[in-house]
Amino acid sequence: MIPEPPTIVVGLLTDPSLPADVARKAAQRLPQALDERVDGRFRWVVRIHAEPVEAVPDHDRLMDKARARVDGTGWDMAVCLVDLPLTTPNGVLAAAVDLRHRTALCSLPALGGLALRRRTVDLIAVLVGELLPVLHGPATAVGADRPRRDRAHGRSVRALRRVAPSDDDVDVELAVRRGGRGRLLAGLVRTVRPWRLALGLSKPLAAAAAGSAFGLLYTSIWSLGAALGPLRLTAACAGAVALLIAWLVLGHGLWESRTAAGGHARLLNLATLITIGLGALVFATALFAFNILAALVVVPPDLLSRTIAEPVGVTEFLRVPLMASVLGIVAGAVGAGLEDDSAVRDAAYSHREQARQRLMRESLSSSSTAVRD
């Protein structure tokens, strides 16, 4: 009778939102990846536990909770997945390992904006390989076969380098080799998922629909679209989108001061601009596509030809929904000022960080008050 292989439980403690989604998807591939890349003599079991943001405002608290779970539950080791940017004097940090408590931290933004699930699985496999010898001794360490296994982990892990820990509570740190800031910026934007912004702005969407209807139904707008050259039309579109971005960022207080965001202020502001910009482009593109369909229904080609006094081809016809979209985007920018701040701020990573820090300060203040009492 073949004995059952020993079981190792790997816990994934996640931050809310994207980290929880990534953990659920990664958990489907992790047992096989750990069997192939770390050690095939064990039965790997993956557990997931998501903490609400109110309880876990920063990565240090999350690590403390991971240590408590390893000590007080059936987990053999824990990997924390967070969407916080981590920078140290060593550069952009992708992961940190606490060998004594069998816990590790993985910063998803440091993995970049593409193939996030695959890169997460690769990195978790490396972190588990670092923690495994603490459980079963050096004989099971991946170090004996590190070159082959490092190749198996792929380019995403080879792009990281081991550095001297900058924290006394950490034994191993993995930092991004080159282009860390650009990779972190892409990861921050990917973490926020900017395409959701266009779906979450109900008031700008309603205002844009009203503005577009005006542009589609009034023949003077048709004439204006026909009279404007390509450069003027392009400038009008760019100006309308820029107005929407500015109204969203400035009108809802998304721009971070250096004192509020510390060393991450410039990076977070750039990530916010890219996030809102991509969301505004999705918004404008969807509006233009909708206006094309609407124009096919409500704009008779014969009437358009008589109005602009020239034959109507595809180019002339598209000027009508394009001008309607410009009016709609401008109206949407005005409507953005009426939108609830939370709908916009949810799309800005900087405010997610602010919420964590505020909750942490409140928690520490409450603890200090309790101690004094």
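This text walks through a predicted model, from its charged pairs to its aromatic pairs, a bent helix and a nonpolar patch.

Start with the charges. Side chains of opposite charge can pair when their charged atoms come close. Across the whole structure, a search finds six salt bridges. One of them joins Arg67 to Asp98, with the closest N and O atoms 2.8 Å apart. Arg67 belongs to helix H2, residues 59-72, and Asp98 to strand E5, residues 91-98, so the bridge ties together parts that are 31 residues apart in sequence. Both Arg67 and Asp98 are buried.

Turn next to helix H3, which spans residues 116-136. Here the side chains of Asp122 and Arg118 meet in a salt bridge, at 3.6 Å from N to O. The two residues sit four apart in H3, about one turn of the helix. Their surroundings can be read from accessibility. Asp122 has a relative accessibility of 3%, so it counts as buried, the cut-off being under 20%. Arg118 stands at 35%, so it counts as partly exposed, a class that lies between that cut-off and 50%.

H3 also takes part in a second bridge. Glu130 pairs with Arg162, and the closest N and O atoms are 2.3 Å apart. This pair links distant parts of the chain: Glu130 lies in helix H3, Arg162 in strand E7, residues 160-163, and 32 residues separate them. Glu130 is buried, because its relative accessible area is 12%. Elsewhere, bridges that share partners form one network, made of Arg37, Arg118 and Asp122.

Arg37 leads to helix H1. This helix covers residues 18-37, and Arg37 is one of its buried residues. Others on that list include Leu18, Val22, Leu30 and Leu34, as well as the alanines Ala20, Ala23, Ala26, Ala27 and Ala33. H1 is not straight. A kink of about 45 degrees lies at Arg29, shortly before the proline Pro31. Pro19 is also among the buried residues of H1.

Now the rings. Two aromatic pairs turn up in a search of the whole structure. One is formed by Phe42 and Trp44. Their ring centres are 5.9 Å apart, and their planes meet at 70 degrees, an edge-to-face arrangement. Phe42 is buried, with 8% relative accessible area. Trp44 is buried too, at 6%.

Helix H12, residues 265-298, offers both a buried site and a surface site. Take Thr275 for the buried one. Thr275 lies in H12, and its relative accessible area is 1%, so it is buried. Its side chain reaches the backbone oxygen of Ala271 at 2.7 Å.

For the surface site, look at the nonpolar patch of about 740 Å². Its members are Phe214, Leu217, Tyr218, Leu293, Leu296, Val297 and Val298. Which elements give two or more residues to it? They are helix H8, residues 202-217, and helix H12. H12 provides the largest share, four residues. Phe214 comes from H8. Its relative accessibility is 41%, so Phe214 counts as partly exposed. That also clears one requirement for a patch residue, which is over 30% relative accessible area.

Note on methods:
Residues numbered from 1 in each chain as written. Predicted model: local features only at pLDDT ≥ 70, side-chain atom pairs only at ≥ 80, totals over all residues. Heavy atoms only, no water. Patch = residues over 30% accessible without salt bridge, like charges linked within 9 Å, V, L, I, M, F, W, Y side chains within 5 Å. Areas by Shrake-Rupley, 256 points an atom, 1.4 Å probe, with all protein chains shown as cover. Salt bridge = Lys/Arg side-chain N within 4 Å of Asp/Glu carboxyl O. Buried < 20%, exposed > 50% of the residue type's maximum accessible area, 1.4 Å probe, protein only. Bend = angle between axes of the 7 residues up to and from the residue. Polar contact = N/O pair within 3.5 Å; in protein donor to acceptor, adjacent residues only side chain to side chain. Phe/Tyr/Trp six-rings, centres within 6.5 Å; stacked < 30°, edge-to-face > 60°.
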